[in-house]
Amino acid sequence: MIDVEASRAYRAGIAMARLQAAVQPIMSICIQGAFIVVLAVGGIRVAAGELRLGDLIAFILYLFLLVMPIGSAMSAFVQIQSGLAALDRIQEIARLAPERTDEDRPSPATREASNREAAPGTAALRDTSTGPSRATRAIVPPAGSIELRDVTFRYAPDAEDGGATAARSPDGTAAPVPQDRPDPAEPPGDGRPVLDGVSFTVPAGSRTALVGPSGAGKSTVLALLERFYEPTDGSITYDGTALSEIPRSELRSRIGLVEQEAPVLSGTLADNLRLAAPDATDVQLRRVLSAVGLDALGDRTADGLDLDLGEDGIRLSGGQRQRLAWARVILADRPVLLMDEPTSAVDSRTEQLLQQTLGEASRDRTVVVVAHRLSTVADFDQIVVLDQGRVTAVGTHEELLEESDLYRDMASRQRLVSA
Ligand SMILES: Nc1ncnc2c1ncn2[C@@H]1O[C@H](COP(=O)(O)OP(=O)(O)O)[C@@H](O)[C@H]1O
Ligand SMILES: [Mg+2]
């Protein structure tokens with residue numbers, strides 16, 4: 001699929017280069033040719049006495065004045081063409097089905113929830129709708145508890161669009177879908193769900209790790225917690241409120257996320273950090289950079305925080321991107337932290353530094369970390385072992401070494417215990 005698209009883009013690029021290479025010389029030849037023709041015909045007529053020399057010179061000067069705008073018009077035409085192509089691409093993105101905006105029309109359940117005598121946590125959720133979490137953190141218990149009950153989830157048959165078509169409201173109405181896509185309400189053909197009856201509780205202010213072989217569904221759990229997708233079955237609650245009743249914008253203003261593929265935008269180091277905290281001062285930015293071991297990045301060059309990271313952060317290594325994501329999430333200062341294999345690309349010394357940073361950051365916060373290295377989560381409050389979409393064990397490191405074959409197997413493979 002990607003192969004086909006890539007080779008199509010490659011061929012289009014070649015055709016484009018060919019055209020561009022041809023246009024320039026053809027234009028020059030036309031212009032020079034026209035000049036020679038005018039000069040030749042005019043010269044003959046001047047020689048024959050039909051035309052005065054002054055008139056010919058005037059004509060040629062006019063010709064030069066005319067050629068310039070014609071040339072400009074030609075290159076404007078080329079630019080307009082590539083502009084139109086870019087516009088096409090933008091419209092393609094604009095046509096993607098948006099996430100279902102339940103927040104626009106609160107369901108009866110949401111209204112009921114907001115009228116109800118609310119638990120402290122629920123009050124905190126509502127308060128954040130008016131401002132950043134920081135303002136409310138001082139007065140309400142900051143952390144959030146999360147509970148998954150019997151969560152089952154399948155990706156829609158073609159969920160490559162980031163899940164917009166997979167989103168379904170509780171009453172079963174489908175999100176707006178482009179015409180050429182299959183109905184997302186239809187059950188997918190392949191049998192096993194990605195998550196199958198997953199249940200566990202993350203107490204407020206605790207640290208929970210998700211471990212398991214790759215493909216077990218760990219990233220999918222985080223995606224559901226962020227409400228990128230809705231569970232096919234079962235429920236997720238946040239501080240006792242069903243996730244489906246919390247507007248996405250509100251929910252996400254409570255959650256800091258470090259994704260498995262840390263995205264970096266083109267722009268400067270400071271730009272990328274201020275995405276998370278627009279009002280942060282330079283001093284704050286530097287402090288958080290040093291907390292994640294990225295201080296050298298800004299200091300090594302004269303640019304400092306204005307260091308240009310290049311298109312898509314091309315000038316950063318994988319580990320640097322990951323640490324930038326850490327810096328962002330720490331700056332954002334959210335009560336819940338979700339991290340997906342957040343130290344997978346850094347060396348062990350940096351990992352130690354990040355461990356320390358996480359230790360400080362997880363005070364008063366609810367933390368859920370997908371861990372690839374068990375040593376980084378051995379001291380967590382609980383570890384959830386996922387395998388093929390099911391929770392096979394929950395407990396502390398010591399408990400799991402006793403009870404879970406899979407966990408003991410992973411631990412011995414990582415040389416945490418002797419086999
Ligand atoms: N966007 C998606 N669309 C369809 N299937 C997906 C998508 N993302 C992940 N999967 C599938 O779901 C399963 C679990 O994936 P994931 O949650 O990423 O596992 P983990 O993070 O534990 O490695 C895998 O079989 C994967 O192929
Ligand atoms: Mg993953």
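A contact on this tour means heavy atoms within 4.5 Å. Keep in mind as you click around that the model is predicted.

**The whole chain**

Start with everything selected. The protein chain carries 14 helices and 10 strands, and 39% of its 419 residues are buried. Its exposed area comes to about 23400 Å², with 56% of that supplied by carbon and sulfur atoms. For a feel of how the fold is wired, take the contacts between residues at least 6 apart in sequence: 71% of them join residues at least 24 apart.

**Colour by confidence**

Now switch to pLDDT colouring. The chain average is 81, and 79% of the residues score at least 70. Select residues 105-141, where pLDDT stays under 50 and the model has 41 contacts beyond four places in sequence. Then select 159-189, a second stretch with pLDDT below 50, for which the model again shows 41 contacts beyond near neighbours in sequence. Treat what you see in those two stretches with care.

**Ligand 1**

Next, centre on ligand 1 and bring up its surroundings. Part of the shell is the run Pro213, Ser214, Gly215, Ala216, Gly217, Lys218, Ser219 and Thr220; Tyr155, Val194 and Tyr229 are there as well. By type, the shell splits into five nonpolar residues, five polar ones and one charged.

Which atoms of Gly215 and Lys218 should you pick for a distance to the ligand? For Gly215, go for a polar backbone atom, which sits 2.6 Å from an oxygen atom of ligand 1. For Lys218, choose a backbone N or O atom, 2.8 Å from an oxygen atom of the ligand. Tyr155 brings in its side chain instead: a polar atom there is 3.4 Å from a nitrogen atom of ligand 1. On its own the ligand would expose 550 Å², and the protein buries 61% of that.

**Strand 4 and Thr237**

Hide the ligand and select residues 233-238, which make up strand 4 and include Thr237. Is Thr237 buried or exposed? Thr237 counts as buried because its relative accessibility is 11%, and the cut-off for buried is under 20%. Beyond its neighbours within four places in sequence, Thr237 is in contact with Ser145, Ile146, Glu147 and Arg149 on one stretch of sequence, and with Ala242 and Leu243 on another.

**Strand 1 and Asp150**

One of those partners, Ile146, takes you to strand 1, residues 146-153, where Asp150 also lies. Check the backbone of Asp150: phi is near 55°, a positive value in a residue that isn't glycine. That deserves a look because most residues other than glycine have a negative phi.

**Helix 7 to the loop after helix 11**

Move on to Arg252, in helix 7 (residues 248-252). At 22% relative accessibility, Arg252 counts as partly exposed. Show its contacts and, setting aside residues up to four places away in sequence, you should find Glu99, Glu226, Arg227, Phe228 and Arg334. Draw a C-alpha to C-alpha line from Arg252 to Arg334: the two are 9.1 Å apart in space, with their positions 82 residues apart in sequence.

Last stop: Asp333, in the loop between helix 11 (318-332) and strand 7 (336-340). Here is another non-glycine residue with a positive phi, about 55°. Asp333 counts as buried, because its relative accessibility is 15%.

Methods. Residues numbered from 1 in each chain as written. Chains lettered and ligands numbered in written order. Predicted model: local features only at pLDDT ≥ 70, side-chain atom pairs only at ≥ 80, totals over all residues. Heavy atoms only, no water. Near = heavy atom within 4 Å. Polar contact = N/O pair within 3.5 Å; in protein donor to acceptor, adjacent residues only side chain to side chain. Areas by Shrake-Rupley, 256 points an atom, 1.4 Å probe, with all protein chains shown as cover. Nonpolar A, V, L, I, M, F, W, Y, C, P; charged D, E, K, R; others polar. Helix = DSSP H or I, 4+ residues; strand = E, 2+ residues; numbered from the N terminus. Buried < 20%, exposed > 50% of the residue type's maximum accessible area, 1.4 Å probe, protein only. pLDDT = per-residue confidence, 0-100.
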